Amino acid sequence: MELLREISENLQKGRAKNVKELVQKAIDEGIEVNRILEEGLLHGMSIIGEKFKNNEVYVPDVLIAARAMNTGTELLKPLLVSSGVKAKGKVILGTVKGDLHDIGKNLVRMMMEGKGLEVIDLGVDVPAERFIEAAMENNADIIACSALLTTTMIEMETIVQKVKESPLAGKVKIMIGGAPVTDNFRATIGADIYTPDAATAAEAALKVCLA
Ligand code: B1M
């Protein structure tokens with residue numbers, strides 16, 4: 001669809017103002033929120049990701065595109081998040097230590113909130129101890145960790161180990177995700193749940209909380 005293609009192209013060029021206007025237009029035209037996200041914003045971001053890998057664009061270009069992406073997702077947030085509903089469970093969410101990528105994590109938060117879960121977002125570069133402290137303080141059901149780098153995903157193993165050694169052992173489920181993470185990796189480190197994207201992460205989290 002033309003409008004979604006325009007969103008993707010403007011995102012790739014980092015034109016945050018245009019992205020905001022076009023996303024608003026798509027909402028006003030009644031285009032399904034998931035399509036605006038997937039075929040507009042995420043489509044543009046995946047092209048930037050490919051170009052970044054091939055050295056066709058550089059960190060500043062990616063940052064500008066990421067800012068445009070955030071402008072768009074902020075507009076979609078109220079449509080993804082239901083309000084006034086009693087939380088069905090509590091999730092501690094963060095990007096692991098050493099890792100500053102937060103776009104996927106923020107989507108996970110929005111989707112989980114959209115399912116009526118309370119999400120305590122610890123941000124990026126979160127050490128294992130902080131996940132555990134927050135889970136204990138808030139009596140959380142789930143610790144959800146995101147990692148985008150092969151060099152930081154190993155931090156998830158530390159989190160699993162430290163949870164096992166803590167009073168949370170057996171009480172909290174550990175969910176992991178992010179581009180380099182796989183279900184094989186989950187099994188290797190002994191985490192409870194892996195999901196490939198934000199929507200399935202929210203579904204899996206809700207299932208845990210309702211169990
Ligand atoms: Co970074 N970066 N980056 N980067 N960056 C990647 C990840 C990379 C794959 C690019 C590439 O080379 N092709 C590469 C990693 C290579 C590797 O480890 N194998 C890379 C690199 C190398 C780096 C730096 C080291 C670059 C440098 O400085 N030389 C550096 C590291 C900084 C650090 O973290 N310490 C760096 C920096 C950056 C920016 C700051 C410029 C920026 C981040 C901005 C921000 O997040 N605020 C950035 C970006 C934007 C990317 C790419 C282009 C896009 C990532 C993204 O936001 N995708 C990325 C290339 C790519 O992925 N194609 C890349 C969109 C987002 C919606 O997807 O986060 O995967 P994603 O989330 C998905 C799923 O993974 C899943 O749900 C989402 C979809 O629904 N998901 C979960 C995520 N978390 C989940 C948790 C769950 C479940 C599902 O449960 C808990």
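Which residues does T95 touch, not counting residues up to four places away in sequence?

1. T95 touches H101, D102, K105, G123, V124, D125, V126, F131 and S146, a contact being heavy atoms within 4.5 Å. T95 is found in strand β1 and, at 0% relative accessibility, counts as buried. Here buried means under 20% relative accessible area, exposed over 50% and partly exposed in between, with a 1.4 Å probe and protein chains only.

2. On the basis of the analysis: this is a predicted model, in which local features need pLDDT of at least 70 and side-chain atom pairs count only at pLDDT 80 or more, while totals for chains, interfaces and linings use all residues. Residues are numbered from 1 along each chain as its sequence is written, and side-chain values use heavy atoms, with hydrogens and water left out.

3. On the metal site: H101, one of the residues that T95 touches, supplies through NE2 the single donor from the protein to the cobalt atom of the ligand, 2.2 Å away. H101 is found in the loop between β1 (90-95) and α5 (103-114). Donors are N, O and S atoms within 2.8 Å of the metal (3.2 Å for Na, K and Ca); water is not among the atoms, so sites may look incomplete.

4. On the overall fold: the protein chain contains nine helices and five strands, in the order α-α-α-α-β-α-β-α-β-α-β-α-β-α from the N terminus. The radius of gyration of the protein chain is 17 Å, close to the 17 Å given by the globule rule for 211 residues, so the chain is as compact as a globular protein of that length. That radius is taken over C-alpha atoms, and the rule is 2.2 Å times the number of residues to the power 0.38. Helices (H or I, at least four residues) and strands (E, at least two) are DSSP runs, numbered from the N terminus.

5. On dimensions and packing: the C-alpha trace of the protein chain spans about 50 × 45 × 25 Å along its principal axes. Of the 211 residues, 46% count as buried. Among contacts between residues at least 6 apart in sequence, 72% join residues at least 24 apart.

6. On the N-terminal helix: in α1 (residues 2-12), the buried residues include L3, L4, I7 and L11, together with S8, N10 and Q12. Their cover includes α2 (16-28), α3 (33-53) and α4 (59-80). Just after α1, G14 takes a positive phi of about 75°.
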